[in-house]
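Reader: I am new to this structure and would be grateful for a close look at a single part of it. Please explain each term as it arises.

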Amino acid sequence: MAMHKNPSSTSMSGLDIAGSFFAPIQQAAPPSPTKRHIKISIVGAGNVGMAIAQTLLTQDLADELALVDALPDKLRGEMLDLQHAAAFLPRTKIVASTDYSVTTASDLCIVTAGARQISGESRLNLLQRNVSLFKKIIPPLVQYSPDAILMIVSNPVDVLTYIAWKLSGFPSNRVIGSGTNLDSSRFRFLIADHLDVNAQDVQAYIIGEHGDSSVALWSSISVGGVPILSFLEKRQIAYEKETLVKIHKEVINCAYEVIQLKGYTSWAVGYSVANLAWSILRDQRRIHPVSVLAKGFHDIDDGEVFLSLPAQLGRGGVLGVINVPISDEEADHLRRSAKTILEVQEQLGV
């Protein structure tokens, strides 16, 4: 099904209205070729994929948005629903197809598709099915957009980002997992709520695996530029480590609570991924904790593994990883996080 050839799907599509409606001015030059056409493709039109699409559209980031999904009716419905909002949004061409050729010449390809867990199915079996799915997704994306940046959102994001990197043959800077960017946002919110300050004034990172073995970098947290833990120690203000552990556990449980209440998470993921897309495509060079090739950082040398580290993002993808100071305990937890992911990769035989 290739619905992208007729994106408007209106009864007037056979008429060349634009050619007769607008008269050219005299001595005009053709449009400048220097304006960059930005195209984003999203694979997976489920709750997460559509939340990302909706958020991207409101941010006026892309000139063209392409949607790909295996379910043609749902895909066409989502495309039309977004197109019908055109009068309320910045101008963006929206196309959709089950055929990956619709993604041709994308600047950024976002993958949200993933196999659903069957009742009683083991985590390893689910992962193996996701690997099989990625073998059908990544190669055509690479074929049609060889210069694109791949962003993986599907879970487990760290392992699947590694799989995508291997399948794509891309340099590591052009394959990024959404990682703990959202976890870190939740972390900042909880700290801000605890201290009664604005979350934008809190600098705090969750790194490592996007999951239960993630690492909270308490040693580098600052509020308004003031390092919190050292401030408390200098003022001899007592704090309980259990309080810190409790806040980190809340971060981990946030997603589970949302899933329990509404069945899935979508909006926060949409804003998180759109935030990453903006930093990349607008070459903002901002620091985000995202899943990157972590070998060589913080003595992670046992194998090739993707996990979240504070990375600078720009038009080239990952421009570098910030060498944030971490405590010995945090470094130990990070290496254990890496070991957990490596063990899963070994079980998969990848």
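Author: The account below begins with one strand and its neighbours, and then turns to an aromatic pair, a pocket and a cavity.

The model is predicted, and so local features need pLDDT of at least 70, side-chain atom pairs count only at pLDDT 80 or more, and totals for chains, interfaces and linings use all residues. Residues are numbered from 1 along each chain as its sequence is written, and side-chain values use heavy atoms, with hydrogens and water left out.

The part chosen is strand 4, which covers residues 108–111. Helices (H or I, at least four residues) and strands (E, at least two) are DSSP runs, numbered from the N terminus. From strand 4, Leu-108 and Ile-110 point one way, while Cys-109 and Val-111 point the other way. All of these residues are buried, a word that stands for under 20% relative accessible area, as against over 50% for exposed and partly exposed in between, with a 1.4 Å probe and protein chains only.

Strands of a sheet pair through backbone hydrogen bonds, either parallel or antiparallel. Two strands count as paired if DSSP finds at least two bridges between them. Strand 4 pairs with strand 1 (residues 39–43) in the parallel sense, over four bridges. Within that pairing, Ile-42 stands opposite Ile-110. Strand 4 also runs parallel to strand 5 (residues 149–152), to which four bridges join it. Here Val-111 faces Ile-152 of strand 5.

Helix 4 (residues 123–144) completes a right-handed β-α-β unit with strand 4 and strand 5. A crossover is right-handed if, with the strands pointing away from the viewer, the path from the first strand over the helix to the second runs clockwise.

The aromatic rings come next. Rings of Phe, Tyr and Trp (its six-membered ring) pair if their centres lie within 6.5 Å; planes under 30 degrees apart count as stacked, over 60 as edge-to-face and the rest as tilted. By this rule there are three aromatic pairs. One of them is the tilted pair of Trp-165 and Phe-306, with 5.5 Å centre to centre and 55 degrees between the planes. Trp-165 lies in helix 5 (residues 157–168) and Phe-306 in strand 13 (residues 306–314), so the pair ties together parts that are 141 residues apart in sequence. Trp-165 is buried, with a relative accessible area of 12%, and Phe-306 is buried at 0%. Ring pairs link Tyr-162, Trp-165 and Phe-306 into a cluster.

Open and enclosed spaces complete the picture. On a 1 Å grid over the protein atoms alone, a cavity is a set of points where a 1.4 Å probe fits but cannot get out, and a pocket is an open set with protein on both sides within 12 Å along at least five of seven lines; lining residues have an atom within 4 Å of a point. The second largest pocket holds about 630 Å³ of space. Its lining has 24 residues, of which Asn-181, Ser-184, Ser-185, Arg-188 and Asn-275 lie nearest the centre. Helix 6 (181–195) gives the most to this lining, with eight residues.

The whole structure has one cavity of 30 Å³ or more. The largest cavity contains about 30 Å³ of space, and its lining includes Ile-40, Leu-56, Asp-60 and Thr-92.

Conventions: Points joined across faces, edges and corners; volume = space filled by probe spheres on them.
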